[in-house]
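User: I have a structure to go through. Please justify each label you use.

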Amino acid sequence: MTNSYFNENKLEDLLDEIKFVYQSDERPWIIGYSGGKDSTVLTHLVYLMLKNLKPDERKKSVHIVSSDTLVENPLIKQYLDDMLYLLSEAAEKDKLPVVVKKVTPAPDTTFWANVIGRGFPTPRTNGTFRWCTDRLKIAPSGTYINEIIEKEKTEVVVLLGVRKEESIARKRRIEGRELADRLLNRHETIKQAYVYPAIVELTTDDVWKILMENSMKNAWGGDNRRIVELYSGADGGECPFAGFSSKDAQPQTCGQSRFGCWVCTVVKEDKSLNGFIKTGHRELIPLAEFRKWLMSIRDVPEKREKKRRDGTVYWTNNNELGFGPFTWEARQEILERLLSIQKQMSYELITEDELRAIDEIWDNEKDLSRRTLVDLYYRVMETRLPWDHLKRPMFDDDTVAKLQAYAKQYNVPLELLHTMIFSTSKNKYFSNTKRLRDALGKLVTQQWLQEASLCDTEEGIVDGDQEDSNL
Ligand code: SF4
């Protein structure tokens, strides 16, 4: 307990400070709640503070926002859902101005929409090409914060359960409004938001001490024993990029996450997933196996296109064409495997909204038949997607056969023909034909079509790590 906040302060001091900041202005509060120990303590303290106020003193709303990446570990997801339910029930009963909100990435920006839909290679174990954290974790909460700013036409204060374990806990005194301003930092990316790191000075021991109090019941009636179980089961697994910069105590990248996504390919070994399996959650084994397989196919040449999504190409140091996205066949394979384990586990791993988003991406980029996804789904799940009956092929079999024959006869890559058809279909309703001409012009001058001549001149040789840019 060397640096404990409680060496020089009592819990009431912290509650007083939180109350003071709450009453200092009209700006709504937004708490990032991940279900981890730090954000639980933070939410617990704010809840206690609100409960101790007289009803007419509870002047501003407190939004408790939880982010679900849609690839959460099933045990964490269940726990979070339970806690959010309890929280909203209790807040209603206690008549607190609390709004409980779970945010998720938009269906076409999720992990699966990007990997299976667009073919994004999975993030690398060395942390490069980590496109996931922003899309899955940062953007959904950011969108919600901006919505509040917009709707309530005000600045907001974001409360984060970040901590720095300082060598000497600074004794806090509340001396006036001036100090309240100093307790807030400007938000790194949202101009009209401030950050109040209310528990920044608590040590890890302090946090556990608070969680253990009151027979391990938190302020909204949740059982903190479940957090202890999750932490001991998970063996310390967390999003590898969680953390915060000591300078301003704001989170970097993965925000408030204490547990990583079950499919995280950035870590070699997913400690949390394996930890849960070791403690008896054998139902998670298919997820661990799938993750391993997904990592194993990342750099297999047959599974990757040899051009980027925008049609540009690059060469590795070995003078070979560098990798682009997963091929369409590989994406279908990933989806097929994912659905198989979804069926095996009777647990939703990919939502219908995501499937619809992927279906749309494939329709616009790859699928002349327009039935690949719905048929694949039916093959694996033995049930039809709700929009299955609406899917009609773009052309009949005869026309497709003719297209193939012409492509061969005139030595035109079939893929180019397909993309030109998709582009024409997308632009056909615009009265200004320049749009379509420009789009087609771009397609016929794509770099990959000229790859042979570029190879001859050995131009454009770049470092192998370029694979992921502009995907
Ligand atoms: S846990 Fe892994 S997959 Fe999930 S956002 Fe963080 S780095 Fe990306």
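User: What makes strand β2 largely enclosed by the rest of the structure?

Analyst: First, a caution: this is a predicted model. Strand β2 covers residues 62-67, and six of its six residues are buried, so the rest of the structure largely encloses β2. Buried here requires 20 or more other C-beta atoms within 10 Å.

User: Which residues point each way from β2?

Analyst: Val62, Ile64 and Ser66 point one way. His63, Val65 and Ser67 point the other way. Both sets are buried. In a regular strand, side chains alternate between the two faces of the sheet.

User: How do you know that β1 and β2 pair, and in which sense?

Analyst: Pairing needs at least two bridges. Strand β1 (residues 29-32) and β2 have four, in the parallel sense. One example is Gly32, whose bridge partner in β2 is Val65. Between these strands the chain passes through helix α2 (residues 37-52), and this β-α-β crossover is right-handed.

User: What supports the pairing of β2 with β3?

Analyst: Six bridges, again against a cut-off of at least two. The sense is parallel, and β3 spans residues 98-103. Val62 stands opposite Val98 in β3. From β2 the chain reaches β3 through helix α3 (residues 74-93), in a right-handed β-α-β crossover.

User: Why is α2 called oblique to α7?

Analyst: The two helices pack at an angle of about 60°, with axes 10 Å apart. Roughly parallel needs an angle under 35 degrees, and roughly perpendicular starts at 65. The angle fits neither class, so α2 is oblique to α7. Their crossing is left-handed.

User: Which residues meet where α2 and α7 pack?

Analyst: From α2 come Lys37, Asp38, Thr40, Val41 and His44. From α7 (residues 204-216) come Val207, Trp208, Ile210 and Leu211.

User: Why does Glu89 count as partly exposed?

Analyst: Glu89 lies in helix α3. It has 13 C-beta neighbours inside 10 Å. Exposed means 12 or fewer, and buried means 20 or more. The count of 13 falls in between, so Glu89 is partly exposed. Its C-alpha atom is 9.9 Å from that of Gly221, which is 132 residues away along the chain.

User: What do the totals for the protein come to?

Analyst: The secondary structure comprises 17 helices and eight strands. Of the 471 residues, 35% count as buried. Among contacts between residues at least 6 apart in sequence, 72% join residues at least 24 apart.

Notes. Residues are numbered from 1 along each chain as its sequence is written. This is a predicted model: local features need pLDDT of at least 70, side-chain atom pairs count only at pLDDT 80 or more; totals for chains, interfaces and linings use all residues. A crossover is right-handed if, with the strands pointing away from the viewer, the path from the first strand over the helix to the second runs clockwise. Axes are lines fitted to C-alpha atoms, for helices over the stretch in contact, and angles run from 0 to 180 degrees between N-to-C directions. Angles under 35 degrees count as roughly parallel, over 145 as roughly antiparallel, 65 to 115 as roughly perpendicular and the rest as oblique. A crossing is left-handed if the near helix is turned anticlockwise from the far one by less than a right angle, and right-handed if clockwise. Two residues are in contact if their C-beta atoms, placed from the backbone, lie within 7 Å.
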